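Student: I have a new model open and would like to learn how to read its features. Could you walk me through it?

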Amino acid sequence: MLKQLPKNLSGLNLKPHWTYVDMDGVIADFFKLLALEWGVNHWKDIPSQESVVERLKGTDFFSRIPIFPTTVKFLHMIERYTKGRWSILSTPLKGDEDNSTEHKDKWLDNLFKYAFDKDFDKHRYYSAKKWKWATSTWWGETKPNLLIDDRPTNLKDFEERGGLTIRYQANENKLNELENKLIKLFGKV
């Protein structure tokens, strides 16, 4: 989903000020490892979300998640279209924020070294309230930011606070569909 610009802004060349990329479901195959850990065919076969949270607390789960076959290409695409103006914005595990973010950081360090080079890095933000990053104020002017995420509730909250969104789930969406949406926002590169 790409948020439609208000009619009074549709004639302007309004690009996102900054882009935020979610991890789980977008670049990290969280649900694949979750199903493997529980010994089920699909993560939706796990009895309760509470059991997931309790079982993952205090573990290194988030540093062991596999990448999608498209993850490296996705990251290079984001880097190219945003001209490097992007960060990670991921939700930590509720009740295990410090531990889960530590392991997400390890995972990202390894991924960035693999996908780019040993010196490549991006700032990481961890919060369940992603909507707080919906806009940026720059020289007194408020500009929308872009969130690429797989959770409709995150996207809805982000949009309601003035941000732009793209729903992308790596195991369901095609990269060329994402690229078409990026072209609409940033132009061809």
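Tutor: Happily! Helices and strands here are DSSP runs, numbered from the N terminus, with at least four residues for a helix and at least two for a strand. Keep in mind that this is a predicted model.

Student: Where is Lys83 found, then?

Tutor: Lys83 sits in the loop between helix 3 (71-82) and strand 2.

Student: What is the sign of phi in Lys83?

Tutor: The general idea comes first: most residues other than glycine have a negative phi. Lys83 has a positive phi, near 55°.

Student: Is Lys83 buried or exposed?

Tutor: The cut-off for exposed is over 50% relative accessible area. Lys83 has 64%, so it counts as exposed.

Student: What about phi of Trp139?

Tutor: Phi of Trp139 is also positive, near 55°. Trp139 lies in the loop between strand 4 (135-138) and strand 5 (141-144). With a relative accessible area of 78%, Trp139 is exposed.

Student: Let's turn to the sheet. In which order do the five strands come?

Tutor: Read the order from one edge to the other: 3-2-1-6-7, forming an open sheet with parallel pairing. At the edges are strand 3 (124-126) and strand 7 (164-167), each of which pairs on one side only. From one strand to the next, the twist averages 25°.

Student: How many bridges join strand 1 to strand 2?

Tutor: To call two strands paired, we need at least two bridges between them. Strand 1 (residues 19-21) and strand 2 run parallel and are joined by three bridges. As an example, Val21 has Ile88 of strand 2 as its bridge partner.

Student: Which strands does helix 3 touch?

Tutor: Helix 3 packs on the sheet and touches strand 1, strand 2 and strand 6 (146-149). Its direction makes about 130° with that of strand 2. Helix 5 (residues 152-160) lies across strand 1, strand 6 and strand 7, at about 165° to strand 7.

Student: Now a single residue in strand 2. Why is Ser90 called buried?

Tutor: Buried means under 20% relative accessible area. Ser90 is in strand 2 (residues 86-90), and its value is 0%, so Ser90 is buried.

Student: Which residues is Ser90 in contact with?

Tutor: Leaving aside neighbours within four places in sequence, the contacts of Ser90 include Asp22, Met23, Asp24, Tyr125, Tyr126 and Lys104. With Lys104 there is a polar contact of 2.6 Å between the two side chains.

Methods:
Residues numbered from 1 in each chain as written. Predicted model: local features only at pLDDT ≥ 70, side-chain atom pairs only at ≥ 80, totals over all residues. Heavy atoms only, no water. Buried < 20%, exposed > 50% of the residue type's maximum accessible area, 1.4 Å probe, protein only. Polar contact = N/O pair within 3.5 Å; in protein donor to acceptor, adjacent residues only side chain to side chain. Contact = heavy atoms within 4.5 Å. Axes fitted to C-alpha atoms, helices over the stretch in contact; angles between N-to-C directions.
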